[in-house]
Amino acid sequence: MKRALFPGSFDPITNGHYDIIQRGIKLFDEVIVAIGINAEKKYMFPLEERKAFIEKSFENEPKVKVVTYEGLTIDFCDKIDAQFILRGLRNPADFEFEKAIAHTNRKLSKIETVFLLTAAKTSFISSSIVRDVIRNHGDYTQLVPDSVRVK
């Protein structure tokens, strides 16, 4: 089984994330969306709510699983027998950052990182932009899957 881990904080999941996952399920037998737990970060949405947003978005897709994890991504990949890390690239800055992580992961393990370029229509979206729109009471609904609803 070709299993890919798509790690991130998903605070919240965006249409860009959604697109990468949708395209990933065409390449892999299973895509594990893994929400990393980082005690140092301050999140807008609680962990369980972020997880629910993603689960609701993919409730009819059996190839997508949603989990949470702590620690090194490569250690978690080893634990769940994921052979690939799936990442989306929006711009050259993303590439430089992700390339360094991919090289480090490859040095420390045998994990392969697979990069997908984001779709042109979602390449400008980031979770931080979505959070800013939400904080300022803007219309965020065009930037996220329908499952993301702010109370």
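**Figure 1. Helix α3 rests against the sheet in this predicted model.** Welcome to the first close-up, where helix α3, residues 73-80, lies across β1 (3-8), β2, β3 and β4. Relative to β1, the helix runs at about 145°. A second helix worth finding here is α2 (residues 47-57), which lies across β2 (30-36) and β3. Its direction is at about 170° to β3.

**Figure 2. Five strands make an open, parallel sheet.** Reading across the sheet, you will meet the strands in the order β3-β2-β1-β4-β5. Which strands stand at the edges? They are β3 (64-69) and β5 (112-117); each has a single partner strand, so one side of each is left without a neighbour in the sheet. From one strand to the next, the twist averages 30°. As background, strands of a sheet pair through backbone hydrogen bonds, in either a parallel or an antiparallel manner.

**Figure 3. β4 and β5 pair side by side in the parallel sense.** Here we zoom in on strand β4, residues 84-89, which is joined to β5 over six bridges. A handy landmark for this pairing is Leu86, which stands opposite Val114 in β5.

**Figure 4. The largest pocket holds about 1100 Å³ of space.** Its lining counts 42 residues, and those nearest the centre are Pro7, Gly8, Ser9, Arg87 and Glu98. Several elements contribute: β1, α1 (15-27), α3, β4, α4 (92-108) and α5 (127-135) each supply at least two residues of the lining. Which element gives the largest share? That is α4, with eight residues. Sorted by class, the lining of this pocket has 16 nonpolar, 18 polar and eight charged residues.

**Figure 5. The second largest pocket has a volume of about 170 Å³.** Helix α3 appears again here, giving four residues, the largest share of this lining. Among the lining residues are Ile74, Asp75, Cys77 and Asp78. Others to look for include Asp81, Ala82 and Gln83, along with Leu108, Ser109, Lys110, Ile111 and Glu112. By class, the lining of the second largest pocket divides into five nonpolar, two polar and five charged residues.

**Figure 6. Asp81 has a positive phi.** The phi of Asp81 is about 60°, although this residue is not a glycine. You can find Asp81 in the loop between α3 and β4, and Asp81 also belongs to the lining of the second largest pocket.

**Figure 7. A salt bridge joins Arg131 and Asp11.** The side chains of these two residues meet at 3.8 Å, N to O. The pair links distant parts of the chain, with Arg131 in helix α5 and Asp11 in the loop between β1 and α1, 120 residues apart. In general, side chains of opposite charge can pair when their charged atoms come close. If you would like to look for others, the structure holds 11 salt bridges.

**Figure 8. A cis peptide bond sits between Asp11 and Pro12.** Let us stay with Asp11 for a last view: the peptide bond that joins Asp11 to Pro12 is cis, with omega of about 0°. Pro12 is placed in the loop between β1 and α1, and Asp11 of that loop is the salt-bridge partner of Arg131.

How values were computed: Residues numbered from 1 in each chain as written. Predicted model: local features only at pLDDT ≥ 70, side-chain atom pairs only at ≥ 80, totals over all residues. Heavy atoms only, no water. Pairing = 2+ DSSP bridges. Axes fitted to C-alpha atoms, helices over the stretch in contact; angles between N-to-C directions. Contact = heavy atoms within 4.5 Å. 1 Å grid on protein atoms, 1.4 Å probe; cavity = no way out; pocket = protein on both sides within 12 Å on 5 of 7 lines; lining within 4 Å. Points joined across faces, edges and corners; volume = space filled by probe spheres on them. Nonpolar A, V, L, I, M, F, W, Y, C, P; charged D, E, K, R; others polar. Salt bridge = Lys/Arg side-chain N within 4 Å of Asp/Glu carboxyl O.
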